[in-house]
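Biologist: Hello! Could you walk me through this protein, one question at a time?

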Amino acid sequence: MKVAFATQDLKRVDAHFGWAKNIAIYDVNPDGHHFVEAIQFDGDLKEDGNEDKLAPKIEAIKDCVILYVAAIGGSGAARVVANNIHPMKVTQPEAIDDLCVKLEDVLKGSPPPWLRKVLAKGQERSFVFED
């Protein structure tokens with residue numbers, strides 16, 4: 001599954017979603033993780049109330065199932081959730097690699113219900129009924 005990280009330095013989750021200079025995207029599964037891409041954003045990212053800055057970020061993470069942030073505003077959170085992406089807030093800057101390893105461990109075990117639902121994103125349901 002693809003996971004997005006709001007980051008200023010590409011090493012830690014240390015950014016508010018709307019203010020993030022970078023979004024790092026990783027592919028994470030129970031067997032490991034690898035870097036997919038980093039998307040850079042410029043302009044006046046700290047301009048509060050500027051909802052236009054969120055659209056390219058939402059578009060960049062649309063294939064992700066989880067977004068890790070240091071902070072996220074109400075409008076940003078609503079837009080992320082509306083795109084079926086689960087926002088996760090860290091309480092202090094945390095290394096992206098460490099978060100990926102923790103997520104791998106959760107995936108190896110019995111993921112909580114919210115994560116099982118997130119993992120089902122994009123998967124078609126099929127039902128087999130006997131005649």
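**A guided look at the model**

Modeller: Let's start with the whole chain: of the 131 residues of the protein, 37% count as buried. Please keep in mind that this is a predicted model.

Biologist: What does the protein average in pLDDT?

Modeller: The predictor's confidence is given for each residue on a scale from 0 to 100. Here 84% of the residues score at least 70. The average pLDDT of the protein is 86.

Biologist: In which strand is confidence highest?

Modeller: Confidence varies along the chain, and helix α4 (residues 113-119) has the lowest value, a mean of 78. At the other end of the range, with 97, is strand β2 (residues 12-13). So the strand you asked for is β2.

Biologist: Over which residues does pLDDT stay under 50?

Modeller: Where pLDDT is low, the predicted coordinates should not be read in detail. The stretch in question also has zero contacts beyond four places in sequence in the model. It covers residues 124-128.

Biologist: How many strands does the protein have?

Modeller: Reading along the sequence gives the pattern β-β-β-β-α-β-α-β-β-α-α. Each α in that pattern is a helix, and the secondary structure comes to four of them. The strands come to seven.

Biologist: Which strands stand at the edges of the sheet?

Modeller: Five strands form an open sheet with mixed pairing, in the order β4-β3-β1-β5-β6. The two edge strands each have a single partner, so one side of each is left without a neighbour in the sheet. From one strand to the next, the twist averages 25 degrees. The edge strands are β4 (32-40) and β6 (86-89).

Biologist: Do β1 and β3 pair in the parallel or the antiparallel sense, and which residue stands opposite V3?

Modeller: Strand β1 covers residues 2-7 and strand β3 covers residues 22-29. Six bridges join them, in the antiparallel sense. Opposite V3, in β3, stands Y26.

Biologist: At about what angle to β3 does helix α3 run?

Modeller: Helix α3 takes in residues 96-108. This helix lies across β1, β3, β4 and β5. Its angle to β3 is about 30 degrees.

Biologist: How many disulfides does the structure hold?

Modeller: A disulfide is a covalent bond between the sulfur atoms of two cysteines. To count as one here, the sulfur atoms have to be within 2.5 Å. C64 is buried, with a relative accessible area of 1%, and C100 is buried at 1% too. The number of disulfides in the structure is zero.

Biologist: Is N84 buried or exposed?

Modeller: N84 is in the loop between α2 and β6. Most residues other than glycine have a negative phi. N84 has a positive phi, near 60 degrees, although it is not a glycine. Its relative accessibility is 55%, and the cut-off for exposed is over 50%, so N84 counts as exposed.

Biologist: What about L10: what is its phi?

Modeller: L10 lies in the loop between β1 and β2. With a relative accessible area of 34%, L10 is partly exposed. L10 is not a glycine, yet its phi is positive, at about 65 degrees.

Biologist: What distance separates the C-alpha atoms of G73 and F17?

Modeller: G73 is in the loop between β5 (66-69) and α2 (74-82), and is partly exposed at 30% relative accessibility. Along the chain, G73 and F17 are 56 residues apart. Their C-alpha atoms are separated by 7.9 Å.

Note on methods:
Residues are numbered from 1 along each chain as its sequence is written. This is a predicted model: local features need pLDDT of at least 70, side-chain atom pairs count only at pLDDT 80 or more; totals for chains, interfaces and linings use all residues. Side-chain values use heavy atoms; hydrogens and water are left out. Buried means under 20% relative accessible area, exposed over 50%, partly exposed in between (1.4 Å probe, protein chains only). Helices (H or I, at least four residues) and strands (E, at least two) are DSSP runs, numbered from the N terminus. Contact means heavy atoms within 4.5 Å. Two strands pair if DSSP finds at least two bridges between them. Axes are lines fitted to C-alpha atoms, for helices over the stretch in contact, and angles run from 0 to 180 degrees between N-to-C directions.
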